[in-house]
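The following exercises concern helix packing, side-chain pairing and backbone geometry. Each task is followed by a worked solution.

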Amino acid sequence: MSKGKIEAAALPAVPTLQIAKMPGLKWLLLIVPLVYVLFLLYYSMISVLKLSVVDHTGFTLTYVKDVLTDTLYLKVLWNTLKQAFFVTVWTVVLAYPIAYLLVVIESGTWKKVIMGTVMITMWISLLVRTFTWSVILQEHGVINSVLLNLGVIKEPLKLLYNTVGVTIGMTHILLPYMVLSLYAVMERIDRRLVQAAQGMGAKPWQAFVHIMLPLSLPGVMSGSLIVFVLGLGYFITPALLGGQGNMMISKLIQENIQTTLNWNLAAALSLVLLATTLLLLGLAYWVSRLSPMLKGDR
């Protein structure tokens, strides 16, 4: 045996196993990241939300009361819920055929192409995608120019700084989340069920309606929750593509923080938005618990 091998054999083994067997290590590995997340996320969030009920005079519910009673704030909150709902509906309508195509297509190459086309939008900066839509949707943008040249319209359509522009921009940005949620569920559905239904005399559309559609509802539910919750707090896209007539609550919070410097009111708006989101999530969870199909039970 060479001298190097003798020295290597004489060295003590790395105490990896001893470290792994240390009592309480698994709890330490859990507590450290948990404290990290609680400090960086929840501590800062609670510090901001505290301003909604505490000001220089002490404890107060004035700001929360203003948000819940003022017509302007209630209108903005309603517009936020409505906008998120519309975007959710459009993402379901557009994403479902794409996810279904990804499941039924047999060509691996085309499946990669379609999936890559969907995913590539998530790799581009959100700000870049939003500015792109502001160029496309303006009065002299691509859409209006094509429609005017074809004679479909006589004057440019108002597609920017309104609900239409915000819906288009947010739907494009949130579409991949819905596609991935639907595809993850559809991929696990046994295609032999559809084949069995067709073998028993069902037409293709009947087999889809009675087999594929019900079994894919958990994906619709999960994707809708993701898109809806993200849509409630979206800021950049509504701020750039929307106007004062369809202001969302995130824009109102930003104006109170940076323009009017009313941090207490901004915190109250954030608290109401958080409570509304949690309430809707709880309602969706309750509905899903009542339906075995939405829970994914088969």
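**Exercise 1. Determine which residues join helix 5 and helix 12, and classify the crossing of the two helices.**

Step 1. Contact means heavy atoms within 4.5 Å. On the side of helix 5, Thr80, Leu81, Ala84, Phe85, Val87, Thr88, Thr91, Val92 and Tyr96 take part, and they meet Val220, Ser224, Val227, Phe228, Gly231 and Leu232 of helix 12. Helices (H or I, at least four residues) are DSSP runs, numbered from the N terminus, as are strands (E, at least two).

Step 2. The model is predicted: local features need pLDDT of at least 70, side-chain atom pairs count only at pLDDT 80 or more, and totals for chains, interfaces and linings use all residues. Residues are numbered from 1 along each chain as its sequence is written, and side-chain values use heavy atoms, with hydrogens and water left out.

Step 3. Fit the axes as lines to C-alpha atoms, for helices over the stretch in contact, with angles from 0 to 180 degrees between N-to-C directions. The axes of helix 5 (residues 71–104) and helix 12 (residues 217–232) come within 9 Å, crossing at roughly 140°.

Step 4. Angles under 35 degrees count as roughly parallel, over 145 as roughly antiparallel, 65 to 115 as roughly perpendicular and the rest as oblique. Helix 5 and helix 12 are therefore oblique to each other.

**Exercise 2. Identify the side chains that meet in a salt bridge, and state how accessible they are.**

Step 1. A salt bridge requires a side-chain nitrogen of Lys or Arg within 4 Å of a carboxyl oxygen of Asp or Glu. The structure holds one, formed by Asp190 and Arg192 at 2.9 Å, N to O.

Step 2. Buried means under 20% relative accessible area, exposed over 50%, and partly exposed in between (1.4 Å probe, protein chains only). Asp190, at 31%, is partly exposed, whereas Arg192, at 58%, is exposed.

**Exercise 3. Where do Tyr161 and Leu261, two residues with positive phi, lie?**

Step 1. Most residues other than glycine have a negative phi. Tyr161 has a positive phi near 60°, and Leu261 has a positive phi of about 60°.

Step 2. Tyr161 belongs to the loop between helix 8 (142–150) and helix 9 (163–186). Leu261 is placed in the loop between helix 14 (249–258) and helix 15 (263–290).

Step 3. Tyr161 is exposed at 54% relative accessibility; Leu261 is exposed at 61%.
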